[in-house]
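Dear colleague,

I am handing over the structure we spoke about, and you will find the sequence and the coordinates just below. After them I have set out what was found, so that you can read the notes with the structure open beside you.

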2 protein chains.
Amino acid sequence: MDQRSLPPIQTTARDDAVLKALAEFVGTEGLKPGGRLPTERILAERLRVSRNTVREALTRWEGLGLVERRQGSGTYLKAAVSPDMLHLPLTLAGGNDFTSLMQTLEIRRALEAEAAALCAERASEADIAEIARKLDIMEHAFRTRDGMSSEEDWEFHQAIYKVSGNPLFEQIIAAMYELFHRFWEHPLGVRDFGHASFPYHRTIYERIAAHDPQGARDEALKLIATVEDDLKRGVAKLKLADLT
Amino acid sequence: MDQRSLPPIQTTARDDAVLKALAEFVGTEGLKPGGRLPTERILAERLRVSRNTVREALTRWEGLGLVERRQGSGTYLKAAVSPDMLHLPLTLAGGNDFTSLMQTLEIRRALEAEAAALCAERASEADIAEIARKLDIMEHAFRTRDGMSSEEDWEFHQAIYKVSGNPLFEQIIAAMYELFHRFWEHPLGVRDFGHASFPYHRTIYERIAAHDPQGARDEALKLIATVEDDLKRGVAKLKLADLT
DNA sequence: GTGCCGAAATTGGTTGGACCATTGGACCAT
DNA sequence: ATGGTCCAATGGTCCAACCAATTTCGGCAC
């Protein structure tokens, strides 16, 4: 007999029910990201559930990054939420050695290239203008702050991921980014880390603006290649330092 | 002055502290997935916090899929966990199932191609033999069970990811895979789903065995393309059914 | 009237204690 | 050996407070 034909029954699911109700509430109320959710006490009363149960449910949402709680202020929606949303936890083992950093770059190489290509395919004129804006901001920051433009750099890339139409790109690459920068504020002591990648931001943009997927892909690959080179140079430098 | 050099003090972070302590405990205790965590009551006592606080912390871990709670039994570790691990929830906000599935395939397309290329570069003769073995098993299963070989299919791919030398490939693609098969035993009612991809498993293997990265990449892309086609065909079929 | 300050109300965070529902093992009867 | 019963352990829920951060608002100085 097929064991799957007799699944275990689900007897208790209070907090799940709370989340379901809350998702519906957000939908019917037309709540946008940034909006404020009802008080925990009010939710408990309305849903006929203890405040503790409400809190456990909200804790789940907070863990998923859907909601932000501010003590003394309230609970705020951080992302669009609908009842039929999919959540999947991804756990990544990361180390802080050279190999691990290189591995995050291998993932980024694959994803950045694909995202850039998709972006070049799908970008509207408005999208291109927005990316151009982010590029200008980033280039300006780079020139005035002598290469320290990681924040603006990241926003430029985010704009590309967004236009790609696939939120997974941003989420996964952000995870790689986090793994990469976890331990290194100035990776491996290479002062001008990231300088070499600078010109490729504009070339990527140009290929996107020209709706040239293959070109955008190639330029993205070149950009990652410079970062990999920087990383290798940093390691070489470290080994040299070890010998002295 | 760099604002990041002076992070705001964390006056209240009880549950985060609990999770940190718990992660250390799992490490020092050498707890493996499947193992049982201490009772909530015991944790509360040991950590000098209320049981509710312990519960909120565990709820977070449960949401991340790190832990499973069984009423009347205990709390069990579901995945390896160490303090320097990155856990992040992937959120696929896509009302429309088709869109979501297509998005998981876009990620897979990028990663499968890269993994296959890296595998072709780095595979030793022993690696190639192992992949060949998995391929034979999968092909045999496919023929004897008339196309139902998803388990063996997956193992073949896993062997490739493993040889790529980068564990991140398997971790991320596994998440995409999970997302893809979340609802569907037989996706969209397309009976022969996956049949079209069958021949490309062997061509991928051949390119890997020939240490031909670009060839392996191309064949991997073709494989994903067939899956995308199947998906589109399934949707077309659904729309047709709606009209009747 | 304007602007500042402090008290009070609001809200999430934590605590301790109680009870319920489920589980799993010990023990017993057949 | 099988099945039934009881009981202790454990997660799930509830309640009633209190703490800590934030916001609100009224009164005071100017």
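To begin with how the two copies are related, chain A can be laid on chain B with an RMSD of 2.7 Å by a turn of 177° and a shift of 0.6 Å along the axis. That is the relation of a two-fold axis. Please keep in mind throughout that this is a predicted model. Of the interface residues of chain A, 96% are also interface residues in chain B, so the copies meet through the same surface.

As for the fold of the single chain, chain A is built from nine helices and three strands, and from the N terminus on its elements follow the order α-α-α-β-β-β-α-α-α-α-α-α. Chain A has 244 residues, of which 46% are buried. If one takes the contacts in chain A between residues at least 6 apart in sequence, 69% of them join residues at least 24 apart. The area that chain A exposes is about 12,900 Å², and carbon and sulfur atoms supply 52% of it.

The part that may interest you at the bench is the surface near DNA strand D. That strand is surrounded by 25 residues, the closest being Arg14(A), Asn52(A), Thr53(A), Arg51(B) and Arg55(B). Of the atoms of DNA strand D that come within 4 Å of the protein, sugar and phosphate account for 61%. Three side chains of chain B can be named for their distances to phosphate oxygens of this strand: an N or O atom in the side chain of Arg55(B) is 2.9 Å from one, a polar side-chain atom of Thr75(B) lies 3.2 Å from one, and for Thr39(B) the corresponding distance is 3.3 Å. The elements that give two or more residues to this surface are, in chain A, helix H1 (14-29) and helix H3 (51-63), and, in chain B, helix H2 (40-47), helix H3 (51-63), strand S1 (67-70) and strand S2 (74-77). The largest share, three residues, comes from H3(A). By residue type, the surface near DNA strand D divides into 13 polar, 11 charged and one nonpolar.

Some individual residues away from that description also deserve a note. Arg108(A), which is found in helix H4 (residues 98-122) of chain A, counts as buried because its relative accessibility is 9%, below the 20% cut-off. Leaving aside neighbours within four places in sequence, Arg108(A) is in contact with Ala113(A), Ile173(A), Met176(A), Tyr177(A) and Ile224(A).

In chain B, Tyr177(B) has its place in helix H7 (residues 167-180) and, at 17% relative accessibility, likewise counts as buried. With neighbours within four places in sequence again left aside, Tyr177(B) is in contact with Arg108(B), Ser150(B) and Trp154(B). Tyr177(B) and Trp154(B) are 23 residues apart along the chain, and their C-alpha atoms are separated by 9.2 Å.

Finally, Arg133(A) is placed in helix H5 (residues 125-144) of chain A and, with a relative accessibility of 44%, counts as partly exposed. The C-alpha atoms of Arg133(A) and Phe156(A), which are 23 residues apart along the chain, are separated by 8.6 Å.

With best wishes

Conventions:
Residues are numbered from 1 along each chain as its sequence is written. Chains are lettered from A and ligands numbered from 1 in the order in which they are written. This is a predicted model: local features need pLDDT of at least 70, side-chain atom pairs count only at pLDDT 80 or more; totals for chains, interfaces and linings use all residues. Side-chain values use heavy atoms; hydrogens and water are left out. Helices (H or I, at least four residues) and strands (E, at least two) are DSSP runs, numbered from the N terminus. Buried means under 20% relative accessible area, exposed over 50%, partly exposed in between (1.4 Å probe, protein chains only). Contact means heavy atoms within 4.5 Å. Accessible areas come from the Shrake-Rupley method with a 1.4 Å probe; for residues, only the protein chains shown count as cover. Copies are superposed by least squares on the C-alpha atoms of residues with pLDDT of at least 70 in both. A residue is near a molecule or strand if one of its heavy atoms lies within 4 Å of it. A polar contact is a pair of N or O atoms within 3.5 Å; within protein, one must be able to donate a hydrogen and the other to accept it, and residues adjacent in sequence count only if both atoms are side-chain atoms. Ala, Val, Leu, Ile, Met, Phe, Trp, Tyr, Cys and Pro count as nonpolar, Asp, Glu, Lys and Arg as charged, and the others, Gly among them, as polar.
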